[in-house]
Amino acid sequence: MEETCDVFVLGGGPAGSTAAALLAEKGWKTVIVDKERHPRFHIGESLIPETYWVLQRLKMLDKMKKSHFIKKYSVQFVNANGKLSAPFYFHDNKPHECSQTWQVVRSEFDHMMLTNAREHGVAAFEGVRVRDVLFDGPRAVGVRIQEEGGALREIRARVVVDASGQTGLLMNKLELRVWDPLLDKGAITKSEFDRQNTQCLGALEQVSAAQARTEMMAKSVTDGLVRAPFEGVVSEKFVTPGEWVAPGKPLFTLVDDDPAYDLGGTLTESLRKRITLQHHRCYSCFAYGSSCSEIDR
Ligand SMILES: Cc1cc2nc3c(=O)[nH]c(=O)nc-3n(C[C@H](O)[C@H](O)[C@H](O)COP(=O)(O)OP(=O)(O)OC[C@H]3O[C@@H](n4cnc5c(N)ncnc54)[C@H](O)[C@@H]3O)c2cc1C
């Protein structure tokens, strides 16, 4: 790879191959690099009719027509319950050859696009990773690349095109990525889904087992626990934890703080306290026995 070029295109997917082919056709010395070696796996197979015009500009139409890719004439939507919409035939909307498009195998399609770029005069290099985009002030002036297992090199360019797809190398470097909360979704492979699903089911079983253990433990200590019959505050405590007590010794007094007993905020603080306390229930707990009463203070 030469040390300089007019346009350096970072990424040899459909976007990079398209930009590079059209620029090289105009006579610009154009270089593409891709970190992968094509054909390489990629997701996103279903083309839309309007790609026809780009494919035409790229002189790719004949190649597409001769390909084994499945011809696509329409779309149909399936809702979350599996219900199918009526099919939408592109030709009904636009009676033109462009209304037939293709369902491509991306590895093959992207390879065809890259080969097509080479045929337009682009120098394309595979297995070469861009490590950084070099700047002179606000202007990109080149890239730092690394060939497989090789040393870092700098290539100077008048223009750098970031076509790195979801990697978004420049977008990340300049912190320009903005996530749309509505579209904040991801896709995982079937095997990854199965792995995570098994992990979740395993976790649920662990939770059930832990709950069962807790219940068993609770049963075994019931005799040593005192359960309050309502929510409240402990107003008096007569023993410290761990202290031995004889039957009948008072342990604590719990005063109900049920807001239903609160007579509202129109009263002064001191008056309210007095009135609500008059109607508070009080729960006195004695060792080996307890009692609950409505008290009048
Ligand atoms: C789940 C899913 C389903 C989709 N379905 C469809 C669909 O049905 N139809 C459709 O039209 N689109 C679909 N898409 C979108 C489609 O995949 C993308 O729009 C398309 O791949 C974008 O092309 P691109 O050239 O911008 O990026 P890419 O195709 O991702 O190409 C980027 C290239 O840059 C290279 N690269 C990245 N970083 C570096 C680096 N540092 N140095 C060197 N090379 C680098 C990568 O190896 C890659 O080859 C789908 C996308 C997803 C996620």
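This is a short tour of a predicted model, stop by stop, with something to select at each one.

**The whole chain**

Start with everything in cartoon view. The protein has 297 residues, of which 30% are buried, and you can pick out eight helices and 14 strands. Switch on a surface and you are looking at about 20,100 Å² of accessible area, with 57% of it on carbon and sulfur atoms. How do the contacts spread along the sequence? Of those between residues at least 6 apart, 58% link residues at least 24 apart.

**The six-stranded sheet**

Now colour the sheet. Reading across, the order is S7-S2-S1-S10-S9-S8, in an open sheet with mixed pairing. Which strands stand at the edges? They are S7 (123-126) and S8 (128-136); each has a single partner strand, so one side of each has no neighbour in the sheet. Look along the sheet and you'll see the strands turn: neighbours are rotated by 40° against each other on average, ignoring direction. As a reminder of what holds such an arrangement together, strands of a sheet pair through backbone hydrogen bonds, in parallel or antiparallel fashion.

**S1 and its two neighbours**

Select residues 4-10, which are strand S1, and add S2 at residues 30-34: the two run parallel and are joined by four bridges. For a landmark, show Leu10 and find Val33 of S2 opposite. While you're here, bring up helix H1 (residues 14-25), which packs on the sheet and touches both S1 and S2. The direction of H1 makes about 165° with that of S2.

Next, go to the other partner of S1. Strand S10, residues 152-162, pairs with S1 through six bridges, again in the parallel sense. The landmark on this side is Val7, with Val159 of S10 opposite.

**A stop at Asp6**

Stay in S1 and click on Asp6. Is Asp6 buried or exposed? With a relative accessibility of 17%, Asp6 counts as buried; the cut-off for that is under 20%. Show the side chain and follow it to the backbone nitrogen of Lys29, 2.8 Å away. Leaving out residues up to four places away in sequence, Asp6 touches Trp28, Lys29, Ala157, Arg158 and Val159. Val159 is the residue you just saw opposite Val7.

**Down the antiparallel side**

From S10, step across to strand S9 (residues 139-147), which pairs with S10 in the antiparallel sense over five bridges. Val143 and Ile155 stand opposite each other here. S9 and S10 form a hairpin with four residues between them, and Gly149 in the turn has a positive phi of about 70°. Gly149 counts as exposed, at 86% relative accessibility. Draw a distance from its C-alpha to that of Gly127: you should get 9.6 Å, although the two residues are 22 apart in sequence.

One more step takes you to S8, which runs antiparallel to S9 and is joined to S9 by eight bridges. Check Val128, whose bridge partner in S9 is Glu147. S8 and S9 also make a hairpin, this one with two residues in between. Gly137 sits in that turn, with a positive phi of about 65°.

**Over to helix H5**

Jump to the other end of the sheet and select residues 106-119. That is helix H5, lying across S2 and S7 and running at about 145° to S7.

**The ligand**

Now select the ligand and its surroundings. There are 24 residues around it, the closest being Ala15, Asp34, His42, Ser46 and Arg106. Which polar contacts are worth drawing? Try these three, each from an oxygen atom of the ligand:

- To a polar backbone atom of Ala15, 2.9 Å.
- To an N or O atom in the side chain of Asp34, 2.6 Å.
- To an N or O atom in the side chain of Arg40, 2.9 Å.

How much of the ligand is covered? On its own the ligand has 990 Å² of accessible area, and the protein covers 70% of that.

**Last stop: Pro87**

Finish in the loop between S4 (74-75) and S5 (88-89), where you'll find Pro87. Pro87 is partly exposed, with a relative accessible area of 38%. Apart from neighbours within four places in sequence, Pro87 is in contact with Val75 and Gln76. Pro87 and Gln76 are eleven residues apart in sequence, with 4.6 Å between their C-alpha atoms.

Conventions:
Residues numbered from 1 in each chain as written. Predicted model: local features only at pLDDT ≥ 70, side-chain atom pairs only at ≥ 80, totals over all residues. Heavy atoms only, no water. Pairing = 2+ DSSP bridges. Axes fitted to C-alpha atoms, helices over the stretch in contact; angles between N-to-C directions. Contact = heavy atoms within 4.5 Å. Near = heavy atom within 4 Å. Polar contact = N/O pair within 3.5 Å; in protein donor to acceptor, adjacent residues only side chain to side chain. Areas by Shrake-Rupley, 256 points an atom, 1.4 Å probe, with all protein chains shown as cover. Buried < 20%, exposed > 50% of the residue type's maximum accessible area, 1.4 Å probe, protein only.
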